[in-house]
Amino acid sequence: MNAHAPQAVVVLAAGAGTRMKSAIPKVLHPICGRSLLMHAVTAAAGLDPQRLVVVVRHQRDLVVEHLGEHAPYALIADQDDVPGTGRAVQCGLEQVDADGGTVVVTYGDVPLLDAEALGALVTEHEESGNAVTVLTARVPDPTGYGRIVRDEEGREVLGIVEHKDATSEQRTIDEVNSGIYAFDLAVLRSALERIGTDNAQGEMYLTDVLAIARGDGGAVRAVVTDDPILVEGANDRVQLAQLGAEMRRRINERHMRAGVTIVDPAATYIDADVTIGQDTVIQPGVQLQGATDIAAEAEIGPDSTLRDTVVGRGASVVRTQALLAEIGDEATVGPFTYLRPGTVLGAGGKIGGFCETKNADIGPGAKVPHLSYVGDAEIGEGTNIGAATIFANYDGVTKHRSRVGKHVRVGSDSVLVAPVEIGDGASTGAGTVVRKDVPPGALAVSAASQRNMEGWTERRRGGTKAAEAAKAAQARSAAGETQEPQSRDRSEEQENR
């Protein structure tokens with residue numbers, strides 16, 4: 001357990017976020033594969049607190065459902081009708097039954113704040129024996145922020161002055177309040193009981209705790225982050241995009257420093273939970289989403305989107321869209337390929353250009369080279385599926401599964417009407433419609449003998465250009481001529497021009 005693990009972290013996520021102008025709660029807007037709230041909760045969980053509490057109110061049910069899916073360990077606290085951050089924290093403390101320890105307060109819309117920054121805040125708070133420690137930042141333009149007013153020695157925080165209330169001298173202060181704190185739990189409980197709503201906004205201000213703590217003789221100090229963007233919140237979609245761009249830059253940089261080649265970071269989008277092995281190359285136009293896991297020495301892209309997909313060592317994936325798929329070591333996929341959920345491609349296998357697969361288990365060394373649909377199927381090791389093969393898995397009511405054995409050769413333009421099984425070492429002729437099982441080693445053919453109906457075009461398409469071409473060809477044939485000399489003559493004429 002972390003030596004400085006706090007008693008609790010309270011994440012404030014009750015606000016309406018009206019500037020986002022959305023039917024979706026602000027804290028549920030996503031960047032880099034997580035909601036704003038889950039970025040905050042993930043950072044909080046990194047402190048290993050005894051309790052992690054999320055305070056909710058606006059669109060409560062949606063937020064609680066989201067937490068239940070992604071962070072079931074989080075405790076839920078409901079803010080009542082009393083407004084203000086002080087009241088929100090007070091409601092959150094109802095889920096904390098301890099009498100002492102450290103409580104961290106943070107927000108559900110500060111996505112770049114990480115566990116490392118929060119951990120530094122907690123360490124300084126506890127090692128200095130503070131009653132309150134506030135996380136602050138120095139910014140070039142502090143307009144609109146609350147200013148941190150320190151004593152002459154610069155050690156103690158005397159107070160936080162909002163911009164609108166600051167004097168001209170105080171407005172020159174560039175150290176601003178992030179709103180993120182570490183509190184002594186007993187101090188916090190006591191101070192919140194003494195805070196009222198007798199102010200212009202009619203709210204319980206959390207900042208009032210600092211003055212009360214100082215009045216009771218406690219030390220109130222600050223920790224200045226050297227990375228101000230960590231404490232920036234996303235209040236509207238412009239800020240959401242700006243923070244998302246910065247997060248993507250940091251994610252890409254982290255992977256590159258760990259040994260991943262990203263050819264064009266500006267054209268590469270990697271979500272926060274993606275893992276990538278050393279010496280993998282990411283080409284431009286790649287999006288790696290969700291919990292995608294890429295092993296070492298693979299090559300992804302260009303122009304590929306993988307979500308929740310596993311890619312093996314040394315695999316190549318080009319111009320592909322994949323969702324909930326598994327691609328084996330040294331396997332190749334693409335270009336212009338769609339891997340739908342349940343696709344598993346074995347080591348050294350291939351799914352080529354203009355193919356679509358779904359719920360398909362394709363064995364090691366097996367190949368689906370091009371222009372095919374493989375749905376609800378099992379394909380054995382070393383099998384080759386000819387071009388334009390269709391696994392007809394749906395009868396209009398029910399999906400059925402087909403099995404193709406090892407080292408099978410399925411001819412081009414075959415249709416496998418599920419459910420059907422082709423045994424090991426068997427083959428099908430080109431254009432075969434497989435409606436019943438094929439024994440191991442057998443050749444299945446279903447095409448009828450070819451029959452040519454002479455004169456059909458002239459009889460059924462008389463007067464068309466096709467009929468005229470056919471008539472001319474027949475005349476040349478009757479005269480013993482062929483089209484080859486004419487083609488050669490045309491080539492000679494073109495060369496002589």
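**Buried helix, nonpolar core and salt bridges in the predicted model**

The buried residues of helix α3 are Gly 86, Arg 87, Ala 88, Val 89, Gln 90, Cys 91 and Gly 92. In this predicted model, the helix, which runs over residues 85-92, is thus mostly covered, with 7 of its 8 residues buried. The elements that cover these buried residues include the strands β1 (8-13), β4 (51-56), β5 (75-78) and β6 (102-107), together with helix α5 (185-193). According to the UniProt record, an unreviewed entry, residues 9-138 carry the annotation "domain: MobA-like NTP transferase". In the model, this span is 33% helix and 25% strand, and the C-alpha atoms at its two ends lie 24 Å apart.

The largest nonpolar core comprises 123 residues, of which Leu 37, Val 54, Leu 288 and Ile 300 touch the most other members. Helix α1 (residues 36-45) gives the most to this core, contributing 7 residues. When residues up to four places away in sequence are left aside, Leu 288 is in contact with Tyr 269, Ile 270, Asp 271, Val 274, Ile 276, Ile 282, Ile 294, Ile 300 and Leu 306.

Side chains of opposite charge can pair when their charged atoms come close, and a search of the whole structure finds 24 salt bridges. In one of these, the side chains of Arg 138 and Asp 174 meet with an N to O distance of 3.0 Å. Arg 138 belongs to strand β7 (residues 132-138), whereas Asp 174 lies in the loop between β9 (157-161) and β10 (175-184), so the pair ties together parts that are 36 residues apart in sequence. Both partners fall between the cut-offs of 20% and 50% relative accessible area and therefore count as partly exposed: the value for Arg 138 is 44%, and that for Asp 174 is 31%.

A further salt bridge is formed by the side chains of Glu 156 and Arg 221, again with 3.0 Å from N to O. This pair links distant parts of the chain, as Glu 156 is placed in the loop between β8 (147-150) and β9 while Arg 221 is in strand β11 (residues 220-225), 65 residues apart. Here Glu 156 is buried, with a relative accessible area of 17%, and Arg 221 also counts as buried, at 11%.

Glu 356 and Arg 340 likewise form a salt bridge, in which the closest N and O atoms are 2.8 Å apart. Glu 356 is part of strand β28 (residues 356-362), and Arg 340 is in the loop between β25 (337-339) and β26 (344-345), so that this pair, too, links distant parts of the chain, 16 residues apart. Glu 356 is partly exposed, at 27% relative accessibility, as is Arg 340, at 24%. In addition to these pairs, Asp 227, Glu 246, Arg 249, Arg 250, Glu 253 and Arg 257 are joined into one network by salt bridges that share partners.

On the surface, Phe 336, Phe 354 and Leu 371 make a nonpolar patch of about 340 Å². Within this patch, Phe 354 is located in the loop between β27 (350-353) and β28, and its relative accessible area of 55% classes Phe 354 as exposed.

How values were computed. Residues are numbered from 1 along each chain as its sequence is written. This is a predicted model: local features need pLDDT of at least 70, side-chain atom pairs count only at pLDDT 80 or more; totals for chains, interfaces and linings use all residues. Side-chain values use heavy atoms; hydrogens and water are left out. A salt bridge is a side-chain nitrogen of Lys or Arg within 4 Å of a carboxyl oxygen of Asp or Glu. Helices (H or I, at least four residues) and strands (E, at least two) are DSSP runs, numbered from the N terminus. Buried means under 20% relative accessible area, exposed over 50%, partly exposed in between (1.4 Å probe, protein chains only). UniProt positions are given in the numbering used here, feature names are shortened, and annotations may be inferred rather than shown by experiment. Contact means heavy atoms within 4.5 Å. A nonpolar core is a set of buried Ala, Val, Leu, Ile, Met, Phe, Trp, Tyr and Cys residues joined through side-chain atoms within 4.5 Å. Patches are made of residues with over 30% relative accessible area and no salt bridge: like charges are joined within 9 Å, nonpolar side chains (Val, Leu, Ile, Met, Phe, Trp, Tyr) within 5 Å. Accessible areas come from the Shrake-Rupley method with a 1.4 Å probe; for residues, only the protein chains shown count as cover.
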